[in-house]
Amino acid sequence: MPTIFILNGPNLNLLGVREPATYGYDTLADVEQRCLARAAALDLTIDFRQTNHEGQLVDWIHEAREAADGIILNAGALTHTSVAILDALNAADLPVIEVHLSNIFRRESFRHVSYVSLAARGVICGLGPQGYELALEALASVIEAEPGEAAR
Ligand code: CA2
């Protein structure tokens, strides 16, 4: 079965604990459960992770190059700042779907810029945890449409 890395960046461990008006009441563990259920239905294996550290995200993206067939990435605030993550995504040469829980375009102007988008096949934002499930569906389609060396 194809493997999808679902990587989450800084502060997303606080999901469901703080700021429910912006990010909702689901915890990151709830989001993972939804992803596990959707992945099973799509015949995908997922590896769901969160870190508060930019270098850890870079290392995981490098790992994905060998171990995954696609990446779903919510890089949190690093989305708007990290050239290192963009470089890692370009080097990984895998299909990437960028996800944000909130609609970043309804928020502060600094959130309207995404370095991740420069390496992403698609972007889903503003749909809360459902965005992760939709990203899994999108990657399942990409992998099916581009077989061979695992959609690369
Ligand atoms: O909407 C998203 O998913 C974001 O990636 C979340 C980031 C934010 O910096 C991006 O602009 C958009 C922030 C994650 C912080 O998550 C929290 C969750 C609950 C309480 C506090 C922070």
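In which loop is the place of Asp43? Asp43 lies in the loop between helix H2 (28-41) and strand S2 (45-50), helices (H or I, at least four residues) and strands (E, at least two) being DSSP runs numbered from the N terminus. The phi of Asp43 is near 60°, a positive value in a residue other than glycine. Asn11, likewise not a glycine, has a positive phi of about 75°; Asn11 is found in the loop between strand S1 (3-8) and helix H1 (20-23).

The model is predicted, with local features requiring pLDDT of at least 70 and side-chain atom pairs counted only at pLDDT 80 or more, whereas totals for chains, interfaces and linings use all residues. Residues are numbered from 1 along each chain as its sequence is written, and side-chain values use heavy atoms, with hydrogens and water left out.

The protein comprises 5 helices and 5 strands, arranged from the N terminus in the order β-α-α-β-α-β-α-β-β-α. The radius of gyration, taken over C-alpha atoms, is 14 Å, which agrees with the value near 15 Å expected for a compact globule of 152 residues; the globule rule is 2.2 Å times the number of residues to the power 0.38. Along the principal axes, the C-alpha atoms fill a box of roughly 40 × 30 × 25 Å.

The ligand is surrounded by 17 residues, of which Asn74, His80, Leu101, Ser102 and Arg111 come nearest; a residue is near a molecule if one of its heavy atoms lies within 4 Å of it. By class, this shell holds 8 nonpolar, 6 polar and 3 charged residues, with Ala, Val, Leu, Ile, Met, Phe, Trp, Tyr, Cys and Pro counted as nonpolar, Asp, Glu, Lys and Arg as charged, and the others, Gly among them, as polar.

Oxygen atoms of the ligand lie 2.8 Å from a polar side-chain atom of Asn74, 2.7 Å from an N or O atom in the side chain of His80, and 2.9 Å from a polar side-chain atom of Arg111. Taken alone, the ligand exposes 500 Å², of which the protein buries 95% (Shrake-Rupley method, 1.4 Å probe).

Methods
Polar contact = N/O pair within 3.5 Å; in protein donor to acceptor, adjacent residues only side chain to side chain.
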